[in-house]
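Subject: A structure for you to explore

Hello,

Here is the structure I promised to pass on to you. Have a look around it first, and then read on for what turned up.

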Amino acid sequence: MGLETYRNKRDALRTPEPMPPPGPLPSGNDDTFVIQEHHARALHWDFRLERGGVLVSWAVPKGLPLDPRTNHLAKHTEDHPLDYAGFAGAIPAGEYGGGSVLLWDRGRYDCEKWSDREVKVVLHGARISGRYVLFRTGPSGSQDWMVHRMDPPPEPTWQPLPELVRPMLATPADGPPGDDTAWGFEFKWDGVRAIVYIEGGRPRVLSRNERDVTGSYPELRALADAQGARQIVLDGEIVAMDEAGRPSFGRLQERMHVTRPAAVRRLATTVPVTYLIFDLLHVDGSSTLALGYAERRALLESLDLAGPSWTLAPSFAGGGAAVLQASREAGLEGIVAKRLDSPYLPGRRSEHWLKVKNLRQQEVVVGGWKPGTGRRARTFGSLLLGVPNADGGLAYVGHVGTGFSDAALEVLQPRLDALAADHSPFAPEVPREHARGAHWVRPELVGEVAYGELTRDGRLRHPTWRGVRADKEPAQVRHER
Ligand code: MN
């Protein structure tokens with residue numbers, strides 16, 4: 001053991017980290033530990049045990065686990081000098097470990113076992129206490145270790161971060177509910193729903209159809225980093241703004257289908273997104289699903305969540321008609337009314353949440369297309385649309401030929417070609433005059449249209465294409481009215 005590696009990696013003139021002179025170090029009692037939260041290129045927690053005159057150190061990307069059922073990776077790093085135990089501050093960008101260091105916890109420890117492949121300790125800290133074992137997983141000398149909690153979780157009722165909480169859904173309504181005092185009101189945002197799971201400073205983002213879209217929205221990494229060791233599950237909407245600062249589903253289309261990291265990074269600067277947070281589903285070992293909406297909202301507000309790419313969506317107690325009016329004047333999609341005493345009901349479309357829309361919109365499943373003419377001769381001219389019926393058939397609801405940007409045409413045509421089918425997916429069948437010259441496709445592509453009104457036989461009058469809904473499965477599409 002020695003500090004050469006520590007010294008070689010640092011320039012004493014450029015970093016405020018402690019830089020002890022060479023030579024023997026003062027020796028303590030081998031009974032103190034420190035955990036530093038290090039916001040470097042990747043957030044991690046540096047776990048250091050005083051031993052033989054130095055701090056033996058591991059970088060733990062997700063921090064020490066609080067639950068014995070989950071082991072965390074720990075990377076054995078170079079020994080640090082004893083006075084590093086008091087260090088907190090900024091390491092200049094570009095230097096080794098550049099970023100900020102916070103003292104997360106410090107305390108005494110008892111050593112139960114110490115070998116070059118296993119270290120068993122009992123921690124007595126202010127934030128963390130309990131029996132832990134670190135064990136090497138790689139060959140001798142390897143830096144790959146794991147850390148395991150041997151005690152039960154610190155709180156007997158402590159719950160791990162849930163794998164999946166399905167979003168609660170709202171029932172369509174024609175207007176806000178009458179009794180204002182029992183309801184809270186939010187604006188309805190024209191984006192994509194996203195549940196964000198944060199643990200160990202890292203996000204996992206799931207869309208409505210439970211697709212992992214974390215890679216498409218790198219903006220949310222900073223949200224997770226800012227939470228430090230806090231464990232939370234958030235519900236909200238990812239939106240892209242237009243020039244007027246209004247959420248634009250059309251702009252978001254440019255982000256929704258991109259997963260290649262380089263392309264995502266480029267788009268994040270030209271078409272940035274914002275995560276509008278409106279609910280809290282879990283925090284630090286406790287589910288909040290059973291709490292009323294008003295209580296969850298108060299907890300959410302206490303978390304102080306605001307940053308460059310995320311903010312709380314406003315919520316109003318009462319005043320539904322005024323909120324709806326304001327949403328119209330601001331050109332927003334509508335409002336959502338939420339009963340103040342309603343628990344969060346995962347995956348349920350409940351009467352406790354009501355959505356009132358300013359625009360008529362309908363999600364649709366594409367079942368076929370007809371060739372275009374003139375300028376659109378190379379692509380489709382219109383799409384044949386359906387909505388699944390209760391009996392499982394795809395009911396024809398009309399065709400749409402407007403609202404497609406050039407980019408949308410370019411993206412959609414190959415997808416239609418890939419879905420080509422011999423037979424019509426519609427049941428009952430498309431009327432003959434609409435079916436003539438149609439190319440059929442497997443009913444897998446979900447989109448959204450705006451429309452003027454419904455005809456008496458349930459067709460969409462004057463529909464306009466709004467975009468692909470990659471966040472929805474065909475089975476999730478339903479008649480809005
Ligand atoms: Mn570090």
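Before we get to the metal site, one term: a donor is an N, O or S atom within 2.8 Å of the metal, and because water is not among the atoms, a site may look incomplete. Please also keep in mind that this is a predicted model.

**The metal site**

Which residues hold the manganese ion? The coordinating atoms are ND1 of H38, NE2 of H44 and OD of D46, at 2.2 to 2.3 Å. Along the sequence, these donor residues follow the spacing H-x5-H-x1-D. Are H44 and D46 buried or exposed? Both H44 and D46 are buried.

**The sheet**

Next, find the open sheet of 5 strands, whose pairing is mixed. Reading across the sheet, the order is β10-β20-β19-β11-β18. At the edges sit β10 (169–172) and β18 (316–317), each of which pairs on one side only. As a reminder from class, strands of a sheet pair through backbone hydrogen bonds, in either a parallel or an antiparallel way.

Start at the β10 edge. This strand runs parallel to β20 (residues 349–357), and 4 bridges join the two. If you want a spot to zoom in on, T171 lies opposite L354 in β20.

Now move along to β11 (residues 183–188). Why can we call β11 largely enclosed by the rest of the structure? Because 6 of its 6 residues are buried. β11 has an antiparallel pairing with β19 (residues 334–339) over 6 bridges, and another antiparallel pairing with β18 over 2 bridges. G184 is a good residue to click on here: K338 in β19 stands opposite G184, while A317 is the bridge partner of G184 in β18.

**A pair of helices**

Finally, look at α3 (residues 249–256) and α4 (residues 261–270). How do they cross? Their axes come within 10 Å and cross at roughly 160°. An angle over 145 degrees counts as roughly antiparallel, and α3 and α4 are therefore roughly antiparallel to each other. By class, their contact has 3 nonpolar, 1 polar and 3 charged residues. On the α3 side these are R251, E254 and R255, which meet V264, L267, A268 and T270 in α4.

If you would like a place to begin, try the manganese ion with H38, H44 and D46 around it, then trace the sheet from β10 across to β18.

Enjoy exploring, and write back with any questions!

Best wishes

Technical notes:
Residues are numbered from 1 along each chain as its sequence is written. This is a predicted model: local features need pLDDT of at least 70, side-chain atom pairs count only at pLDDT 80 or more; totals for chains, interfaces and linings use all residues. Side-chain values use heavy atoms; hydrogens and water are left out. Donors are N, O and S atoms within 2.8 Å of the metal (3.2 Å for Na, K and Ca); water is not among the atoms, so sites may look incomplete. Buried means under 20% relative accessible area, exposed over 50%, partly exposed in between (1.4 Å probe, protein chains only). Two strands pair if DSSP finds at least two bridges between them. Axes are lines fitted to C-alpha atoms, for helices over the stretch in contact, and angles run from 0 to 180 degrees between N-to-C directions. Angles under 35 degrees count as roughly parallel, over 145 as roughly antiparallel, 65 to 115 as roughly perpendicular and the rest as oblique. Contact means heavy atoms within 4.5 Å. Ala, Val, Leu, Ile, Met, Phe, Trp, Tyr, Cys and Pro count as nonpolar, Asp, Glu, Lys and Arg as charged, and the others, Gly among them, as polar.
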